[in-house]
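Got your viewer open? Here is a short tour, one selection at a time.

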Amino acid sequence: MIPIMNDHPIHSPGSVGGCPCERLLVVCDFDGTVCSVDMGNAFLERFAKGWEEIDRSYSAGEVGSRAAYSRIAPLFRANRSQVLDFALRSERLDPFFPEFLSFCRERKIDLKIVSDGLDVYIEAILRKYGLDVEFYSNRLLFREDDRIDFDFPLASEECGRCGTCKRSLLDRFRSDYDRIIYIGDSYSDVCPARAADQVFAKAILYEKCVKNGTPSLLFNDFGDIRRCLEKTSSSTTSVMKP
Ligand SMILES: [Mg+2]
């Protein structure tokens, strides 16, 4: 699939690795992006009966994810082993993500995952595939009676809508990198997409980018993104030849 652009080119050809010394970072959402299934939703469907109404408020923008999680916490019933078992049975990693990660590493491009989902399943799924990737997310804390708490170590105190403020994380990463590529699919990706230098989007994020004028490239999977980056990378090579 050839990515579709919702605006004029974000960068001229060759912007990937435009300078051999450019410090480039790829930041990926997890649910619905690295993992084709939205595990957060699958978990709530399985373990938090009655969560749908809260999710409707979240999707309508009436409450942020942090408030939604707090309202869902009393509904959630599961222990660690149930959660891990469900995660490993239900996950669908994007089949092209492992090779995309190798592609980035071969080119000395850093990759980090930022998620408004939960640490327990992200860690388990990455481990299942032997993927050593730095990730940032909310935390799921287990209590003895199958009850849980959510913890938001990466929330923004200024805004406070999301459990994990991905925008703040991008701002934090910014000082170490010349350019940031953002990849995502949904509501919590809208703010960080606005702060990124290049955006690959699908589903809700793509619709939002079209509406709010954030230039983005539509993708289906990480194979699309790799091909797109390879193309711009080889353009650079030819442009830079004497
Ligand atoms: Mg997502």
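Before we start: two strands count as paired if DSSP finds at least two bridges between them. Also keep in mind that this model is predicted.

**Stop 1: strand β2.** Select residues 24–28, which form β2. All five of the five residues here are buried, so the strand is largely enclosed by the rest of the structure. Now turn on the side chains: L24, V26 and C28 point one way, while L25 and V27 point the other way. In a regular strand, side chains alternate between the two faces of the sheet.

**Stop 2: the partners of β2.** Add residues 110–118, strand β3, which runs parallel to β2 and is joined to it by four bridges. Zoom in on C28, whose bridge partner in β3 is I113. Next add residues 179–184, strand β6: this strand and β2 also pair in the parallel sense, over five bridges. Here, look for L24 and its bridge partner in β6, R179.

**Stop 3: the core.** Which residues have the most contacts inside the largest nonpolar core? They are V26, V27, C28, I72, Y121, Y182 and V199, in a core of 62 residues. Pick Y121: leaving aside neighbours within four places in sequence, Y121 is in contact with M39, F43, V83 and A87.

**Stop 4: confidence.** Color by pLDDT. The chain's mean is 90, and 88% of its residues reach 70 or more. Residues 7–15, though, have pLDDT below 50, with 11 contacts beyond near neighbours in sequence. Residues 236–242 also stay under 50, with five contacts beyond four places in sequence. Where pLDDT is low, don't read the predicted coordinates in detail.

Definitions and conventions: Residues are numbered from 1 along each chain as its sequence is written. This is a predicted model: local features need pLDDT of at least 70, side-chain atom pairs count only at pLDDT 80 or more; totals for chains, interfaces and linings use all residues. A nonpolar core is a set of buried Ala, Val, Leu, Ile, Met, Phe, Trp, Tyr and Cys residues joined through C-beta atoms within 7 Å. A residue is buried if 20 or more other C-beta atoms lie within 10 Å of its own, exposed if 12 or fewer, and partly exposed in between; C-beta atoms are placed from the backbone. Two residues are in contact if their C-beta atoms, placed from the backbone, lie within 7 Å. pLDDT is the predictor's confidence in each residue, from 0 to 100. Helices (H or I, at least four residues) and strands (E, at least two) are DSSP runs, numbered from the N terminus.
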